[in-house]
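Reader: I have a model open at my bench and would like to understand the words people use for it. Could you take me through them?
Author: Gladly; ask away.

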Amino acid sequence: MLKTVLLYIVVFTFVGATSYFLHNWALNDTQMGFHALLRKAYLFHGLFSLSVLIAFRLTAGFDSIFPQLGFIYIGSVVLKITVFTAMFYPQLMGDQAISRFYRASLLVPMAIFLILEVLFVIKILQRKES
């Protein structure tokens with residue numbers, strides 16, 4: 001169990017850091033305020049996805065909860081999007097002047113970590129069913 005959690009931490013750290021630096025390099029912009037915002041978005045999605053995945057792994061061992069894990073996961077995704085929107089509302093839809101390109105760019109970390117999270121959740125579910 002500890003080995004699995006450490007694997008999750010290593011993979012999420014590596015993918016998050018690599019994608020952040022590549023994303024930052026691809027933007028190649030001097031707008032320092034946006035880089036800090038992008039870093040916060042990567043940290044938020046990485047930590048939230050990692051915590052959901054660890055909680056999911058811990059609860060997968062309970063036979064009474066296992067049939068409901070799909071619904072719990074969908075709820076966690078909705079919670080993640082809601083919390084992200086609430087935290088980044090001024091930058092996404094508020095008064096700050098950020099172009100649509102940069103607003104859309106803030107959604108890239110969500111897609112990266114959501115794909116990674118789904119891959120691990122599928123693995124957990126398949127391992128438990130077999």
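Reader: Why is L2 called exposed or buried?
Author: The model is a predicted one, where local features need pLDDT of at least 70, side-chain atom pairs count only at pLDDT 80 or more, and totals for chains, interfaces and linings use all residues. Residues are numbered from 1 along each chain as its sequence is written, and side-chain values use heavy atoms, with hydrogens and water left out. Buried means under 20% relative accessible area, exposed over 50%, and partly exposed in between (1.4 Å probe, protein chains only). L2 has a relative accessible area of 62%, so L2 is exposed. L2 is found in helix 1; a helix here is a DSSP run of H or I with at least four residues, numbered from the N terminus.

Reader: And what makes A41 count as buried or exposed?
Author: The relative accessibility of A41 is 0%, so A41 counts as buried. This residue lies in helix 2 (residues 32-59). A41 and F88 are 47 residues apart in sequence, yet 8.4 Å apart in space, C-alpha to C-alpha.

Reader: How do you know that the length of helix 3 agrees with its number of residues?
Author: The expected span is 1.5 Å times one less than the number of residues. Helix 3 (residues 69-87) has 19 residues and should span 27 Å; its end C-alpha atoms are 26 Å apart, which agrees.

Reader: Which residues of helix 3 are buried, and why are they said to line one face?
Author: They are L69, Y73, S76, V77, K80 and F84. Seen down the axis of helix 3, these buried residues fall within an arc of 100°, so they line one face of the helix. The arc is that of the directions from the helix axis to the C-beta atoms. The face turned away from the buried side carries the exposed residues F71, I74 and A86.

Reader: What makes K80 and E117 a salt bridge?
Author: A salt bridge is a side-chain nitrogen of Lys or Arg within 4 Å of a carboxyl oxygen of Asp or Glu. The closest N and O atoms of K80 and E117 are 3.5 Å apart, and the pair forms a salt bridge. K80 lies in helix 3 and E117 in helix 6 (residues 108-129), so the pair ties together parts that are 37 residues apart in sequence. Both K80 and E117 are buried.

Reader: Which helix has the lowest mean pLDDT?
Author: pLDDT is the predictor's confidence in each residue, from 0 to 100. Helix 4 (residues 89-92) has the lowest mean among the elements of the chain, 73, and helix 1 (residues 2-27) the highest, 92.

Definitions and conventions. Helix = DSSP H or I, 4+ residues; strand = E, 2+ residues; numbered from the N terminus.
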